[in-house]
Amino acid sequence: MALDGITVANIVSEMNALIQGARISKIAQPEADELMLTVKTPQGQKRVLLSASASLPLVYLTQQNKLSPMKAPNFCMLLRKHIGSGKILRVWQPSLERIIHFEIEHYDEMGDLRRKDLILELMGKHSNLIFCDENGRIIDSLKHISAQTSSVREVLPGREYFIPVTQEKLDPLTAGREAFADAVFRKPQPLYKAVYMSFTGISPVIAQEVCCRAGLESDRSAKEIGPDEQLHLARIFLELMEDVRAGAFSPNIIYDREDVPAEFASVPLTMYQDMRQVRFDTVSEVLETYYAQKNRAERIRQKSSDLRRLVGTMLERESRKLDLQSRQLKDTEKRDRFRLYGELLHTWSYLVEPGASSVTVPNYYDNDREVKITLDPNLTASENAQRFFEKYEKLKRTCEALSELIRQTEADVNQLESIRTFLDQAQSEADLAQIREELVQSGYLKRHDSQKKKGASRPEKSRPWHYRTEDGYDIYAGKNNLQNDELTFRFANASDWWFHSKKAPGSHVIVRRKNGEDLPDHVFELAAGAAAYYSSARDADKVEIDYVQRREVKKPNGSKPGFVVYYTNYSMVAKPDISRLKPVEP
């Protein structure tokens, strides 16, 4: 989600605690719409990232530095001139607006003490960094906004700075119960929308959270809420605002998949109880972690787009081929009827009159029920029988050939479906490299010339997912079919337990036994949950899982990577979940 007013309030509170009174030692502009302030505090040096990016406006404290251009842009040079060694007096936020003021004290050229205001507006495509004097007059800004660009407000040197009022929204920090009721319950909108459209700095996520805490459906019409429910919702909202005023924040990230963040907030989000929630000490850590992981996931998805397109095309082609082969195989089911006709004609040939186009004969395979056989009048009974036998032999050969082709095509479809599943779960370039290698080994891709050269650098090797239960049992899950084979047949011991989703492509999951002891029941449940989670059925409520000791799992000769067979197994139904497993770093 984008930064809302509550998250900004958390950032302001954190910065006042950590950099209030700090002196600016360096100002850099690593990107056209981004500033990096390095400040010195009694606790050491800290960096403040200020981004007015239209697509991703951000502000947080970080230890990471960024390379700056050799020649500083004009705006950066202006800031260095005025506040290059200034002192940050305070950081503040007007109401719950997505605006942060850095009030800075410095000495001018005459040695007089002055104050300046560096303002970061976090407003999506309208985000900006504005530098003002002590009288609120704009000295300069990162983005100049003229009257031709905006009819609401000019952002130009010499103009007076003000916050444009484009919507009639209330200040949630000062609104009371009556104001809340008047603003929300008169709107013919879904309840959560009426909440966030009525108050400054409230995002749709926070509005939905307020409804969840009140036990109300967020999609209900605001006008349909009864008096008691109105009082309850208002109380929940005002309690949340009281926490914001008191600085009672709880920065956290919500994960929908391992290492792929879905949401972040500065207050607990009870509506995501079924998802993994990770709490952080500071909101800066939340923002830095969230966007780093989100960007990494997006980067991996972009890098895998060619593979996804290739696998999707091949899967569609193989599926069409399988459908055609299945229809052709169905046509061969009449072969036994031709064999029967041939045998009956041999037996009852004397009943066939010369030039007859059909004959009706008893079927001694079916209690002598009569069968009508269509004949070629230009052929004798024996020749007609031979013609039926030839048709039977041809269809028999076709059936045998098609059965083998279907087996191969089904194996290709299953492998491609599993590769598509693993592409969805890939988290690093090493994971993609190993999936690409499987496509090369299976003949779907050609190896690049650069990979054929001697001494060519090999990509980093991808490792299986490794988890440990609270009582010390190690659980491993393969990230692709090559890894599945290695995990099952080279890594696992014969007495270890093997898990896999039934009739759904996914990871082979291995649980290591400890000292030959039997696994506790809860470990079976945890491993089954991991097998369900790392399968194509991850989004289902329940997944059927097969499990068996590794010694029962066999790999047929010449089979595709990841393909195995087993003839005896146990089964259980598990919820896709790894939240109770602790990741083990490689």
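Before I list any pairs: I call it a salt bridge when a side-chain nitrogen of Lys or Arg sits within 4 Å of a carboxyl oxygen of Asp or Glu. I'm working on a predicted model here.

**Entry 1: a pair to try the rule on**

I started with D366 and R369, whose closest N and O atoms are 3.9 Å apart. The limit is 4 Å, so I log D366 and R369 as a salt bridge. Next I looked up how covered the two residues are. D366 comes out partly exposed, at 31% relative accessibility. R369 has 55% and counts as exposed.

**Entry 2: whole chain**

Then I stepped back to the overall picture. I find 14 helices and 21 strands in the chain. What radius of gyration does the chain have, against that of a compact globule of 586 residues? The chain has 35 Å, where such a globule would be near 25 Å. I also boxed the C-alpha atoms along the principal axes and got roughly 125 × 65 × 55 Å.

Burial next: 47% of the 586 residues are buried. For the surface, I noted about 31,000 Å² exposed, with carbon and sulfur atoms supplying 46% of that area. I looked at contacts too, taking residues at least 6 apart in sequence; 59% of those contacts join residues at least 24 apart.

**Entry 3: charges**

I tallied 85 positive and 85 negative charges in the chain, and their mean positions are 5 Å apart. How many salt bridges does the rule give? The count comes to 30. A reminder to myself: side chains of opposite charge can pair when their charged atoms come close.

**Entry 4: E121 and R153**

I picked this pair out of the salt bridges; the closest N and O atoms of E121 and R153 are 2.8 Å apart. E121 belongs to strand β7 (residues 113-121) and R153 to the loop between β9 (138-141) and α3 (177-184), so the bridge ties together parts that are 32 residues apart in sequence. Are the two partners buried or exposed? E121 is buried at 1% relative accessibility. R153 has a relative accessible area of 12%, under the 20% cut-off, so I put R153 down as buried as well.

**Entry 5: D412 and K560**

Here the closest N and O atoms are 2.8 Å apart, and D412 and K560 form a salt bridge. Which parts of the chain does this one join? D412 lies in helix α10 (residues 381-425), and K560 lies in the loop between β19 (543-549) and β20 (570-574), so parts 148 residues apart in sequence are tied together. D412 is buried, with a relative accessible area of 14%. K560, at 24%, is partly exposed. I also jotted down a network: R90, E103 and R115 are joined into one by salt bridges that share partners.

**Entry 6: A54**

Last stop, a residue outside the charge story. Where does A54 sit? I found A54 in the loop between β3 (44-51) and β4 (58-62). Its relative accessible area is 41%, which makes A54 partly exposed. Leaving out residues up to four places away in sequence, I see A54 touching D33, G124, K125 and K143. I also checked A54 against K116: they are 62 residues apart in sequence, and their C-alpha atoms are 25 Å apart in space.

Technical notes
Residues numbered from 1 in each chain as written. Predicted model: local features only at pLDDT ≥ 70, side-chain atom pairs only at ≥ 80, totals over all residues. Heavy atoms only, no water. Helix = DSSP H or I, 4+ residues; strand = E, 2+ residues; numbered from the N terminus. Rg over C-alpha atoms; globule rule 2.2 N^0.38 Å. Buried < 20%, exposed > 50% of the residue type's maximum accessible area, 1.4 Å probe, protein only. Contact = heavy atoms within 4.5 Å. Areas by Shrake-Rupley, 256 points an atom, 1.4 Å probe, with all protein chains shown as cover. Lys, Arg positive; Asp, Glu negative; His and termini not counted. Charge placed at Lys NZ, Arg CZ, Asp CG, Glu CD.
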